Each structure stands twice: as structure tokens, then as C-alpha cells.
Amino acid sequence: MAFSRTQTVLERVFAADVPDRADIEYVLRLEDDRQVQVLFEFADRVRREYVGDGVLLRGIIEFSNFCRNTCAYCGLRAANHRLSRYRLTSEEIVAVAENIRLAGVKTIVLQSGEEDNLDADGLARIIEEIKSQLDVAVTLSVGERDREEYAMWKEAGADRYLLKIETSDPALYAELHPGMSFTNRIRCLGDLAELGYQTGSGNLIGLPGQSVESLIDDIVFFKKGDFDMISVSPFIPHAATPLAGVRAGDLQTTLKMIALTRIVSRNAHIPASTAVGSLSGGDARGRALAVGANVVMPNFTPMAFKPLYEIYPGKAGNDKMPDESMVHIERMVAALGRRIDLDKGHSLKSRSVLAPTMIRSQ
Ligand code: SAH
């Protein structure tokens with residue numbers, strides 16, 4: 001009985017233009033292992049049908065840990081005076097991008113803290129250089145900026161942008177992000193989509209004060225936003241933040257949220273994030289890949305700087321050279337009966353300009 005009910009609910013969630021909140025809640029509250037398995041297998045089938053068996057790779061360069069914000073969960077927060085700050089030079093960034101391309105990876109993700117004095121022109125030059133010299137896609141993840149800056153980087157050749165909503169619950173968002181505004185976050189996501197970026201959003205699981213209602217809202221937000229990429233990953237507490245000592249997000253909830261995200265978004269690119277891999281409990285990244293995820297992001301930040309990009313402690317792979325990480329990823333993917341896909345892995349959405357309007361009208 002329970003199996004068929006779960007199956008029926010999942011079919012409704014999959015088919016709905018806007019999934020029913022009660023249906024999402026039913027799925028999130030599933031406890032019986034066999035029923036949870038029904039969810040995971042459903043999500044894995046949607047993944048196979050809509051994005052295939054290939055696991056896409058994105059090489060990430062964490063090029064600066066300077067940050068003006070004070071996000072309650074993040075170790076890079078401006079108030080963390082114990083952290084030494086670094087910024088790679090343009091030459092260093094381009095050299096790392098070349099290494100990523102030499103490793104066969106065709107997406108370069110440039111990520112940083114939200115720099116107060118970000119040299120927007122300088123970043124545009126870097127994008128131009130990478131795009132003109134290497135046959136790659138470029139993804140930016142540098143936080144909330146002006147529309148003009150987003151437009152300049154798009155003009156310079158950037159293809160994609162990641163900006164997680166973190167939580168779609170405005171009250172919780174306000175609590176966790178002093179001095180920032182939910183409205184501006186939404187403005188940024190709208191601008192990015194309008195400017196033609198393949199746009200990624202996502203959330204954190206297990207934030208203190210995050211209710212089941214908030215998680216339901218996140219799923220509805222992902223559905224309405226029609227994002228090209230969605231990252232669902234667990235919150236991991238950092239000692240130098242106000243959330244030190246809070247419990248980390250739990251793996252099972254994270255996996256359920258990844259599965260639901262796959263089911264509602266169908267063909268979005270969904271990473272098995274490093275944060276999932278950093279939770280204890282075996283190779284959790286492999287588990288994420290088995291319940292809907294189709295992307296892995298090997299970290300190519302130079303070894304000397306990796307420990308300083310400490311958004312959370314114990315980041316998986318910090319002690320590994322990029323080559324070792326690549327071998328590890330290949331083994332993990334092969335063990336799942338899947339294959340590494342070295343394509344650029346552009347969005348599978350047939351782009352409409354509806355998305356920003358839909359995001360804004362929420
Ligand atoms: N400054 C950029 C990039 C931030 S770091 C931006 O604001 O978009 C990228 C992601 O790290 C964030 O979106 C957040 O979801 C994640 N992150 C930060 N602190 C974390 C923590 N303590 N645990 C898990 N993920 C965290």
C-alpha cells in the first residue's frame with residue numbers, strides 16, 4: 001500500500017506545473033527505508049531519462065577569499081579576522097585554467113568571496129583570455145553584483161553564473177545574512193537570467209531555524225525559477241562563525257532534497273557537491289550521484305590556498321592534488337556504472353526569457 005502511495009505522490013510531483021505542498025511534505029517525511037528507496041529510484045530514473053548516464057566535470061578555481069559579507073554560516077565572513085586572505089593574480093588564474101583544460105575538463109568555475117573592491121574590469125580580461133585561449137565554458141560565482149558588471153562579464157564571454165538562494169524563506173534569509181537583502185538576491189538571479197547566463201541557484205540543508213515548510217518552499221522556488229543548475233548541499237558548521245557548535249545538515253534530508261530537485265527540475269544540472277562529500281558516512285558524493293545528481297566539481301585551487309578557502313571545515317579533497325581527485329572521481333563514477341562526460345555540459349533547458357519574470361513574481 002505504502003509503496004504505491006509513494007509512487008503515486010511522486011508521479012504527481014513530477015507532472016505538476018507547481019507541485020502540491022502536501023505532496024512534497026509527504027516525501028520529506030518518509031522514514032521507511034523501502035519507501036525512501038522508492039523516492040531515490042524514481043529520481044534516478046528521471047536523471048537517466050532527462051540527463052543521461054554521463055557525469056559532467058566542472059573544474060573550480062577559488063581565486064580569492066576576500067569577503068565583505070557576514071553570512072552566519074560561512075568561514076569566509078568578513079568578521080573572521082583569524083583567516084589570512086589571498087587573491088590569485090590574473091596570470092595564476094589563467095595558469096590554473098590551463099591545467100584544468102589539460103586535465104580534459106571543459107568548464108572553468110571562477111569562485112570567490114564577495115569582494116568589496118572586486119576589479120570587475122580585471123575579471124572581464126581574465127574571462128576574455130580564458131575564452132580566447134581555451135575551448136571551455138566559464139562559470140562565475142562571485143556573489144551579488146550590479147547588473148552592469150554582470151553584463152560586462154557576459155560580454156567578455158562568461159557562460160554561466162552560480163548564485164545560491166541558500167534559503168528561499170525570507171525571514172530565515174534575513175537572519176542569516178546581516179546587511180544583505182533577499183530582494184537583491186532575487187534581483188541578481190533575474191538579471192543573470194535576463195542577460196542570458198545559464199543560471200544556477202541552490203540551497204543549504206540543515207540551517208538552524210529551517211523548517212520543513214522552508215524546504216518545501218525551496219523545492220517550489222526551484223520549480224518556478226526553472227534554473228539551469230541547482231546545488232543542494234548540507235550546511236556544515238564552522239568554528240569561527242555564530243553557528244559554531246550547531247549540528248551539520250543531515251545526509252538523508254540532503255539526499256531526499258536532491259532527489260526531489262531532480263524530479264521537479266527534470267533536466268537541470270545538479271552537482272554532487274564537495275559539502276555532501278565532506279559529511280561522514282562513506283562516499284556521500286556517490287550516493288548523491290545515485291539519487292539525481294549528474295555533476296562533480298574537482299577543485300583545482302593551488303594547494304597553498306585550498307586551506308584558506310575555508311567556507312566550512314574539513315572540505316573533502318583539501319589534501320589531494322587535482323590529479324588524485326580526478327582519479328578518485330573516475331573510480332567513484334565507474335563504480336556506479338556511469339561514465340565521465342568530458343563535454344562542456346551546457347544547459348539542457350531550451351531557454352525561455354520567462355524565468356526571471358517567474359522568479360520575480362513570487
Ligand atoms: N561569494 C559567492 C560564493 C560563495 S561560496 C556567493 O556568495 O555566491 C559558495 C557556497 O558555499 C555558498 O553559496 C554556500 O551555499 C556554501 N557555503 C558557505 N558556507 C557553508 C557552510 N558552512 N556549509 C556548507 N556550505 C557553505
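In the predicted model, Leu-110 of strand β3 has Leu-140 as its bridge partner in β4, and this pair belongs to a parallel arrangement in which five bridges join β3 to β4, the latter comprising residues 137-141. The neighbouring position in β3, Val-109, is likewise matched in β4, where its bridge partner is Thr-139. Between the two strands lies helix α5, formed by residues 120-133, and β3, α5 and β4 together make a right-handed β-α-β unit.

Strand β4 is mostly covered, with five of its five residues buried. In a regular strand the side chains alternate between the two faces of the sheet. In β4, Ala-137, Thr-139 and Ser-141 lie on one side and Val-138 and Leu-140 on the other, and the residues of both faces are buried. Thr-139, which is the partner of Val-109 in β3, also has a bridge partner in β5, namely Arg-160. The pairing of β4 with β5 is again parallel and extends over two bridges. The chain passes from β4 to β5 through helix α6, residues 147-156, in a β-α-β crossover that is right-handed.

A comparable description applies to β3, which spans residues 107-112 and is mostly covered, six of its six residues being buried. Thr-107, Val-109 and Gln-111 point one way from this strand, whereas Ile-108, Leu-110 and Ser-112 point the other way, and all of them are buried. In addition to its pairing with β4, β3 pairs in the parallel sense with β2, residues 59-64, over five bridges. Within this pairing, Gly-59 has Ile-108 of β3 as its bridge partner. The connection from β2 to β3 runs through helix α4, residues 90-102, and this β-α-β crossover is also right-handed.

Ser-112 of β3 reappears in the surroundings of the ligand, where it is listed with Tyr-73, Lys-164, Glu-166 and Ile-236 as the closest of 19 residues. This shell divides into 10 nonpolar, five polar and four charged residues. Three polar approaches to the ligand can be described individually. A backbone N or O atom of Tyr-73 is placed 2.9 Å from a nitrogen atom of the ligand, while a polar side-chain atom of Lys-164 is placed 3.2 Å from a ligand oxygen atom. For Glu-166, a polar side-chain atom lies 2.6 Å from an oxygen atom of the ligand. Of the 560 Å² of accessible area that the ligand has on its own, the protein covers 90%.

Glu-166 is also notable for its backbone conformation. Most residues other than glycine have a negative phi. The phi of Glu-166, however, is positive, near 70 degrees, in a residue other than glycine. Glu-166 is found in the loop between β5 (160-162) and α7 (170-176), and it counts as buried because its relative accessibility is 11%, which falls under the 20% limit.

A positive phi is found at Arg-266 as well, with a value of about 60 degrees although this residue is not a glycine. Arg-266 is located in the loop between α10 (251-265) and α11 (274-278). Its relative accessibility is 26%, and Arg-266 therefore counts as partly exposed, whereas Glu-166, at 11%, counts as buried.

Methods:
Residues numbered from 1 in each chain as written. Predicted model: local features only at pLDDT ≥ 70, side-chain atom pairs only at ≥ 80, totals over all residues. Heavy atoms only, no water. Near = heavy atom within 4 Å. Polar contact = N/O pair within 3.5 Å; in protein donor to acceptor, adjacent residues only side chain to side chain. Areas by Shrake-Rupley, 256 points an atom, 1.4 Å probe, with all protein chains shown as cover. Nonpolar A, V, L, I, M, F, W, Y, C, P; charged D, E, K, R; others polar. Buried < 20%, exposed > 50% of the residue type's maximum accessible area, 1.4 Å probe, protein only. Helix = DSSP H or I, 4+ residues; strand = E, 2+ residues; numbered from the N terminus. Pairing = 2+ DSSP bridges. Right-handed = clockwise from strand over helix to strand, strands pointing away.
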